[in-house]
Amino acid sequence: MLVPAVEEVSNLLGVSRPTAIALLSRGTIRALRVGKLWRARREDIHAYVNLQIGDPPGTPVTVLLGTKEVAAVLNVSDDTVLRLFESRRLRAFQIDNKLWRTKCEIVMAWIKENLPPAGPTFRDIRPQRLVAA
């Protein structure tokens, strides 16, 4: 089923309307122009994201996060997130060499892999007897 491509692309990727139109008109995302309107299959838009991020085709795309959202989730600065993206330690892709995007699932998996092991919980700590000196 064909959906309004400009709105779908701008909402999913979190980009402006002109950027979405540029992606569609260059053929970066497979779409069809009908008069002044762009139409695309949702699967083709998701295929673009999966191709950019390196996921297999058909992988569902739910939420994409930008640099600021990832920084808020990780509680780090935007610069730290940019370094993670640029070094490929956190899988992401760039739109028009400006905007970085990644999948929410990738961020959650990265957190799980990179969190330090949990220390002892309160229950694990046994009270010690006080020894008189």
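This passage describes strand pairing and aromatic contacts in a predicted model.

Strand E3 spans residues 37-41 and pairs with two other strands. Strand E1 (residues 2-4) runs antiparallel to E3, and three bridges join the two. Within this pairing, Val 3 is found opposite Ala 40 of E3. Strand E2 (residues 32-34) is likewise antiparallel to E3 and is connected to E3 by three bridges. Leu 32 has Arg 39 as its bridge partner in E3. E2 and E3 together make up a hairpin, with two residues separating the strands. Gly 35, located in the turn, adopts a positive phi of about 65°.

The side chains of E3 alternate along the strand. One face carries Trp 38 and Ala 40, both of which are buried. Leu 37, Arg 39 and Arg 41 point to the other face and are not buried. Ala 40, which stands opposite Val 3, thus belongs to the buried face, whereas Arg 39, the bridge partner of Leu 32, belongs to the face whose side chains are not buried.

Two aromatic pairs are present in the structure. In one of them, formed by Tyr 48 and Phe 93, the ring centres are 6.1 Å apart and the planes stand at 90°, so the arrangement is edge-to-face. Because Tyr 48 is part of helix H3 (residues 42-53) and Phe 93 is part of strand E5 (residues 93-95), this pair ties together parts that lie 45 residues apart in sequence. Both Tyr 48 and Phe 93 are buried.

Conventions:
Residues are numbered from 1 along each chain as its sequence is written. This is a predicted model: local features need pLDDT of at least 70, side-chain atom pairs count only at pLDDT 80 or more; totals for chains, interfaces and linings use all residues. Side-chain values use heavy atoms; hydrogens and water are left out. Rings of Phe, Tyr and Trp (its six-membered ring) pair if their centres lie within 6.5 Å; planes under 30 degrees apart count as stacked, over 60 as edge-to-face and the rest as tilted. Helices (H or I, at least four residues) and strands (E, at least two) are DSSP runs, numbered from the N terminus. Buried means under 20% relative accessible area, exposed over 50%, partly exposed in between (1.4 Å probe, protein chains only). Two strands pair if DSSP finds at least two bridges between them.
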